[in-house]
Each structure stands twice: as structure tokens, then as C-alpha cells.
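This report covers the strand order, strand pairing and helix packing of the model shown below.

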Amino acid sequence: MTLYGVGLGPGEADLVTVRGKEVLENADVVYSPGRLSRTVALKHVDESKIGDLDFPMTKDEEKLRAAWKEAAAEIAPNAREGDVAFVTLGDPNVYSTFGHLRRTIDAFHSDVELEIVPGVSAVTAFATAMGVEIEAGAGLSLREAAAGHSPTGPDRMILFKVTDAPATHEGLVEAGYDVTYGRRLFMEQGETIVTDDPADIDERDYYTLAYAEKAGLEVEQATAAFQTEGSDDSSEDDSTTSGEPVTDGGERIEGERERSERDPHRNAKRSEEGSRSSSEVPSDVGRLVDLEHAEGCEGGDCGGHR
């Protein structure tokens, strides 16, 4: 029998993978570390199958280790006798609560079979939510930016735990980055916001990330030649101007750079109920995320109480 670590994706119930849904439906018990992951799981299983785990809101390392040992001791017997699942927002191996449980199981219950079911991570979901393309050949670095921290260096970065956007923004702009922020992307709980103005998200929210790119950065793609050809054609035939028909029967679509030049505030705040990102964020058990900032830490959804 098996313990499955199941990634639920960023927060919308229909973004759970087909395989993840099948595992949840077939599991004897589905364990949840917090209320947000519990809410998503309940869209796929009956509440009678949910096993809630208690993780203390503390910085005390001994208490944290004791909590993980207790959780492992609760889960292990059921995993020996049947199939159980431990759910986590995002992907189980990317900034996830599951890492703490897996290491504890390995240390004290090594006979338990483990299997990981990947989920949609904010690392990829942010690009769709923000309308960002990471082209082939481009690099992308993952960084934390809690408590106003402003990581710098790479040309492109995705920043998690942006709990003080104004402070983070100041450092990034000073270092020459253009920055777009996303809050609760593809989440069903709370308001979704995408903006390039940190004042729009000055209230602290654990489920906030940012995409930072060095100003003026360009990656030349083979298809860029099409834009040049299109420009030459447009000088001869006005039918290729914006909004008018082109030869394939569609319309000429305004490019990102054109939108940027025409409207520097194109990423202004937009809201809609039911979207997220985020991601649950773990690290070594000895460090805690700043609890006053992190709604995600309520009940364990923070990624393991750092």
C-alpha cells in the first residue's frame, strides 16, 4: 500500500491533474495540512475521507519536529494497510509542505511506500496568468522575497512570498528590473490581482508573487523575422494594419512590445473571484516564515512552517 503526495495545483479545483483526481478518489484517507488545500480536496472527495493534521503556529524547533513525527505516526499505519494521500497546493516537490512529511516518514517509517503525483506549480502558472512568455533559450531563476527582500542578479526571476511589495519593488527597480506582481493567481479563495504598481498590493498576502525582468532584455527568436516581413508588407498594403483582415482570415494582433509602448500601465490591477498561485513554500524545519505576514501558515498551508 502507498502514501501519495498529491499536488493540487495553484488552487482552482479543476486544475488538479487527472491522475491526482484518480488518486484522491481511490484513497482510503486524504490528509490535509491546512484549510486551503482542504477546500480544494473537498471538491474531489467526501469530507468523511479527510484526515486533518495539526501543525502548531510556533518557531520552536522541538515543537515543530514533534508535530511532524506525530503526523507521520498518524499516517504510516494507514499507509501500510491501504492507500492514503497527503495533499498540498502546487507541486509536492516545489516549495511544498510534503517535503517535511516525506523526510520524517523516511526517518521513522522507512517501510512505507511513497509516490508523488505532480501538480501545476506557480512556477509555470504565473506565466499564463501574467501573460508572460519564457522563450526557448531563456533562463528563469526562482527566489524568495519575503519581508521586503529584493533578490537581484539573474535576468529573469520569479519571486515567491512577496509579503512587502513596496519594499521589494524599490530594490528591484533600483537594480534595473521591470516588475509585475500577481496575487492569488488561479485561486478560488480571495481576489486575483495582476499589476505593475506595488501600491495596489501593499496589504500583506502570503500568496503574492512577482516576475522581475531586466529592463530592455530581449531574446531574438527566429519568428522575429515575421514582424519585419509584416512591417514591409504593411507599407505596401494597408490591409495589415491593426484590427483589419490578414491573409489567413484572422486579424493582426497587437504585440506585447507595442502594447507596452502604447500603454505603459497595461498591467493595471484586475480582479476576479476565484483564481491563484501560489504556492506553498517550505524549507528547513528550523526556520519559520514571518507568521504575521502569512495567511498561508494558518493550519499548515504555508509549506511547512519555516
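## Mixed sheet

One open sheet of the predicted model has 5 strands in the order 6-7-10-8-9, with mixed pairing. Strands (E, at least two residues) and helices (H or I, at least four residues) are DSSP runs numbered from the N terminus, and two strands pair if DSSP finds at least two bridges between them. Strand 6 (141–144) and strand 9 (193–195) form the edges, each pairing on one side only. On average, neighbouring strands of this sheet are turned by 20° against each other, direction ignored.

Over 4 bridges, strand 6 pairs in the parallel sense with strand 7 (residues 156–160). Within this part of the sheet, Leu142 stands opposite Ile158 in strand 7.

## Strand 8 and its partners

Strand 8 and strand 10 run antiparallel and are joined by 7 bridges; Asp178 stands opposite Glu213 in strand 10. Strand 8 is also antiparallel to strand 9, with 3 bridges between them, and Arg183 stands opposite Ile193 in strand 9.

Of the 7 residues of strand 8, 6 are buried, so the strand is largely enclosed by the rest of the structure. Buried means under 20% relative accessible area, exposed over 50%, and partly exposed in between, with a 1.4 Å probe and protein chains only.

## Helices on the mixed sheet

Helix 5 (residues 122–130) packs on the sheet, touching strand 6, strand 7, strand 8 (177–183), strand 9 and strand 10 (208–214). The direction of helix 5 makes about 75° with that of strand 10. Contact means heavy atoms within 4.5 Å; axes are lines fitted to C-alpha atoms, for helices over the stretch in contact, and angles run from 0 to 180 degrees between N-to-C directions.

Helix 6 (residues 165–174) lies across strand 7, strand 8 and strand 10, and runs at about 160° to strand 8.

## Parallel sheet

An open sheet of 5 strands has parallel pairing and the order 3-2-4-1-5. Strand 3 (50–52) and strand 5 (113–117) each have a single partner strand, so one side of each is left without a neighbour in the sheet. The average turn between neighbouring strands here is 25°, direction ignored.

Strand 2 (residues 29–32) pairs with strand 4 (residues 84–88) in the parallel sense over 3 bridges; Val30 has Ala85 of strand 4 as its bridge partner. Helix 3 (residues 61–81) lies across strand 1 (2–7), strand 2 and strand 4, at about 135° to strand 4.

## Basis of the values

Residues are numbered from 1 along each chain as its sequence is written, and side-chain values use heavy atoms, leaving out hydrogens and water. Local features need pLDDT of at least 70 and side-chain atom pairs count only at pLDDT 80 or more, while totals for chains, interfaces and linings use all residues.
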